[in-house]
Amino acid sequence: MQEKRLAHLHTWGCQMNAHDTEKIAGILKGQGYDLTADPESAELIILNTCSIREKAQHKFYSYLGYLAHLKKRRPFIKIGVTGCIAQQEGDHMHELNKAVDFSFGSQNIMKLPDLLHSESFQAAVEDNDAIVTTDLPAQRDNGVRALVAIMYGCNNFCSYCVVPYTRGRERSRPYENIINEITSLATNGYKEVTLIGQNVNSYNGGCSFARLLRLIDNVEGIRRVRFITSHPKDFTDELILAMAELRTVCRHVHLPMQSGSSRVLALMNRRYDYETYIDKVRRLQLAIPDVCVTSDIIAGFPGESDDDHEQTINALNEIEFDGIFAFKYSKRPNTKAALMDDQVDEDVKSQRLQEILSCQDVITERKNKALEGSIIEVIVDGRSETDPNAWIGRTSTNKIVNFSSNDDLQSAQFLNVRIVKAYRHTLEGEVVAGVSCSNKEPGASWSGKER
Ligand code: SAH
Ligand code: SF4
Ligand code: F3S
């Protein structure tokens, strides 16, 4: 029998990248490759990169340095680079490091088979509208939860953000394609889908985002629908109503606030102020009392004063998010904020980030503790690798619950667990037999740290 060819895939960044890697894996399978976790045994290595912050970019360049050495020992290896750094660097990728054999942007994944066979360096980084209608065979390793792309790119040009330059203009996938994909996932046993895009609630592939949620709610077999990321400016009452009414929509919204200061939000070009933001959160909580709201915060945006920072801390205390991700502001190429005067000193950024995280930690822990004693429905996500009786479940509110059971549970099975102990980062539960759970499970929370 002919030996399989081995490919190693390495992914940084957001869920868009994670899903692109699933599509790359699907294409490679069709080309006769098996995947390996070990780069040293692969003959093809594809790096799916992120440039959201400088740190993410550094990680890629240092890994590429290691691969360039590896290639000296194994000169037959082919190295491809995709994702946001590939898009940003375009044709220059090969000049930056000669070890790279080809590069392609996220809109050109379908060109991978051709790139694999090219003899000299090739880059495919042009805009490509075909991305919204080309259905690529994603190879998902989880048989229960699936990522489904509904839109690509971003038109918002927040002044700190590189994404509009790396992912191009916003394009929505036609809703028929999305429903077909989700129907086929349901037929294959998937129970939960996460709709992904840079700004999912500005979706317009033939219907509104709220309407799309209603269509998905009718797909037989799908029990849970999540979506990420929502932009506060597009978070409409129509969407809140759909979320409150629909059987499948999970009670979790990730709604990045970025700052609690309206002055800074204007400098960020976010197109909402703090009052509008909190008003939307309150409306959401009114419609869905146990909803879990999480957020992203940037510490030390150019021009951010002590007073602006204080407003962010006050906002965290006023809103009481279930969890946040917080980041130090990082200068990105092409962005307006990179050229702004008043860049904040690194040590001030670090100090503010620490204050933000410490403030939120207390809130997250308090909200988690409030769940002790409550009964929550979880979907069984899998079992621990070390202890066969230790299981992992996930709540509608996207919280991980650890629990034990001697039964051989099926993944994708829904169970009720009582929360016996809550920590800042996890919940510990016990299985409750014979108790039926109402639709209104209490909002679990998750804790944030810097991604
Ligand atoms: N489309 C999403 C976010 C995508 S990026 C949205 O608009 O909310 C994820 C998060 O990274 C952002 O919410 C922001 O908090 C953070 N981020 C983006 N650019 C950044 C930068 N230059 N420095 C620090 N954090 C940044
Ligand atoms: Fe970046 Fe803003 Fe677009 Fe989000 S909405 S991807 S933060 S430009
Ligand atoms: Fe990173 Fe690009 Fe996603 S910059 S966060 S991989 S869109």
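Which of the 16 residues around ligand 1 come nearest? They are Tyr160, Gln198, Gln258, Asp296 and Ser330, where "around" means having a heavy atom within 4 Å of the molecule.

Quick housekeeping before I go on. This is a predicted model, so local features need pLDDT of at least 70 and side-chain atom pairs count only at pLDDT 80 or more, while totals for chains, interfaces and linings use all residues. Residues are numbered from 1 along each chain as its sequence is written, chains are lettered from A and ligands numbered from 1 in the order in which they are written, and side-chain values use heavy atoms, with hydrogens and water left out.

Okay, back to ligand 1. I'll go through some polar contacts, meaning pairs of N or O atoms within 3.5 Å. One oxygen atom of the ligand sits 2.7 Å from an N or O atom in the side chain of aspartate 296. Arginine 270 puts a polar side-chain atom 3.4 Å from a ligand oxygen. With tyrosine 160 the partner is a polar backbone atom, 3.0 Å from a ligand nitrogen. On its own, ligand 1 has 540 Å² of accessible area, and the protein covers 92% of that (Shrake-Rupley method, 1.4 Å probe). Two elements give two or more residues each to this shell: strand S13 (292-299) and strand S14 (323-328). Strands here are DSSP runs of E, at least two residues, and helices are runs of H or I, at least four.

By class, ligand 1 has six nonpolar, four polar and six charged residues around it. For the classes, Ala, Val, Leu, Ile, Met, Phe, Trp, Tyr, Cys and Pro count as nonpolar, Asp, Glu, Lys and Arg as charged, and the others, Gly among them, as polar. For ligand 2 the split is seven nonpolar, three polar and one charged. Its neighbours include Cys154, Cys158, Cys161 and His231.

Now strand S7, residues 145-149. Four of its five residues are buried, which is under 20% relative accessible area, with exposed being over 50% and partly exposed in between (1.4 Å probe, protein chains only). S7 runs parallel to strand S10 (residues 192-196), with five bridges joining them; pairing takes at least two DSSP bridges. Arginine 145 stands opposite glutamate 192 in S10.

Last stop, serine 118, in the loop between helix H5 (112-116) and strand S6 (122-124). Buried or exposed? Serine 118 counts as buried because its relative accessibility is 12%. Its side chain reaches the backbone oxygen of serine 120 at 3.3 Å.

Terms used:
Polar contact = N/O pair within 3.5 Å; in protein donor to acceptor, adjacent residues only side chain to side chain.
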